[in-house]
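Hello,

I am handing this structure over to you. Please open it first, then read the notes below.

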Protein chains: 4
Amino acid sequence: MHAHPIQIYYEDTDLSGVVYHANYLKFFERAREHVIGADRLVALLAQNIGFVVHKVSLTFKEGARLGDVIEIRSSWRLESKYRVVFHQAAWKGATLLAEGEVEMVTVDGENRLVPLPEW
Amino acid sequence: MHAHPIQIYYEDTDLSGVVYHANYLKFFERAREHVIGADRLVALLAQNIGFVVHKVSLTFKEGARLGDVIEIRSSWRLESKYRVVFHQAAWKGATLLAEGEVEMVTVDGENRLVPLPEW
Amino acid sequence: MHAHPIQIYYEDTDLSGVVYHANYLKFFERAREHVIGADRLVALLAQNIGFVVHKVSLTFKEGARLGDVIEIRSSWRLESKYRVVFHQAAWKGATLLAEGEVEMVTVDGENRLVPLPEW
Amino acid sequence: MHAHPIQIYYEDTDLSGVVYHANYLKFFERAREHVIGADRLVALLAQNIGFVVHKVSLTFKEGARLGDVIEIRSSWRLESKYRVVFHQAAWKGATLLAEGEVEMVTVDGENRLVPLPEW
């Protein structure tokens, strides 16, 4: 399990006073980039290989607010040599804010599926 | 069925050259705001009632690129007096780019569920 | 003078209830992409030539709110064969919301200045 | 002088491969929120007082890329009891990426200027 802290800024909120729903997908991706490693992502891109989000499911429970420091907890499982599924959740202390699954694949420059890099 | 056109700008893309995955959630929300009506959303907010996304599921198929004009097609069903589910899809001509479901509820100022406004 | 309408959605606002300040830069760029033409931008990119923002100055006067349809008014002048300056303003009816100048240049794939394409 | 590190993620880039220009305004605001203090911002909001960006000027020099960890360096001066000007710059190692000034004021719930909180 990987934990990544994120502070909530003005840019993350909308007029309702809490974090705009789509931004949790951004937070989850930031966490995944730490799991996979930015250096590895950059090295793959140099070979024209990129991680792509194929499916997402998300449930929203509570809203995070300006100044909150939330934690993104990520775990993952390899479903096949072509796909990895992350379970990701946003927590504020003991309160679950949002959770879901993100299925990812890797593709080449022509958007064809390639096996995941060594995990 | 409601159709809403969206032009893809620089801001929508990421370094992979196509639209950043989380932005489809923004595009879907823009379309829903046209379905529900901005005037109605504003009138509800004046009563401290707001629409909130409760669940999202999304599958990504193809990427949209700078200058593309895509179409968001939305249909919806009332699941109960408390929740409405939108089926939404992004199309570029005859190519399906992404599709999914978004379940929405309405809440009051204390984040308590309230019945949906007359639909 | 070029006029481009933009509707304000949830995603554009922050907890203050009005449009997040940085989003005016996005709105101004959307308008410039219409002035220059998305087809032309894409054709230039195929030659590894891209427009780049070099300088920005902006003054913010009033905030736009959910459901507002604002208008981005753009005019421009060629300062040299290498740079074009846009004057851009966001209006809501007769109310000026924000205005400023955006200086743009074109660069090649090595980030070297190239003459602007025929204007 | 205040220094705030920011890692560049997919969400920050556009199709040109570098950070989308408007995002530097977001990065600068994140840094200012650390300078002012999120707790203080939240306490002010509870009194209906908010910081508002009045003017911005920015020059862009070099682009930041995926995986870069850049540093936002901020200094500030009180111009009057109503306005504070931040000088902010984004650095990647010894390379200046972007720099500019952001003039801020504080307003009440009716968008009227109020003296800055004790600094």
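**Two acidic residues and a symmetry axis**

Start with Glu11(D), in the loop of chain D that runs between β1 (2-7) and α1 (23-36). Keep in mind that the model is predicted.

Is Glu11(D) buried or exposed? Its relative accessible area is 12%. The cut-off for buried is under 20%, so Glu11(D) counts as buried. Its side chain makes a polar contact of 2.6 Å with the side chain of Arg30(A). Beyond four places in sequence, Glu11(D) touches Lys26(A), Glu29(A) and Arg30(A), plus Tyr20(B) and Asn23(D).

Next, Asp14(D). This residue also sits in the loop between β1 and α1 of chain D. Asp14(D) is buried, at 4% relative accessible area. The side chains of Asp14(D) and Ser16(D) share a polar contact of 2.5 Å. Setting aside neighbours within four places, Asp14(D) contacts Tyr10(B), Thr13(B), Asp14(B) and Leu15(B), as well as Tyr20(D). Arg65(D) is 51 residues away from Asp14(D) in sequence; in space, their C-alpha atoms are 9.9 Å apart.

Now the symmetry. A turn of 180° and a shift of 0.0 Å along the axis lay chain A on chain B, with an RMSD of 0.0 Å. The two copies are therefore related as by a two-fold rotation axis. Which C-alpha of chain A is nearest the axis? That of Ser57(A), 2.1 Å from it.

One last point on chains A and B. Of the interface residues of chain A, 100% are also interface residues in chain B, so the copies meet through the same surface.

Best wishes

Terms used:
Residues are numbered from 1 along each chain as its sequence is written. Chains are lettered from A and ligands numbered from 1 in the order in which they are written. This is a predicted model: local features need pLDDT of at least 70, side-chain atom pairs count only at pLDDT 80 or more; totals for chains, interfaces and linings use all residues. Side-chain values use heavy atoms; hydrogens and water are left out. Helices (H or I, at least four residues) and strands (E, at least two) are DSSP runs, numbered from the N terminus. Buried means under 20% relative accessible area, exposed over 50%, partly exposed in between (1.4 Å probe, protein chains only). A polar contact is a pair of N or O atoms within 3.5 Å; within protein, one must be able to donate a hydrogen and the other to accept it, and residues adjacent in sequence count only if both atoms are side-chain atoms. Contact means heavy atoms within 4.5 Å. Copies are superposed by least squares on the C-alpha atoms of residues with pLDDT of at least 70 in both.
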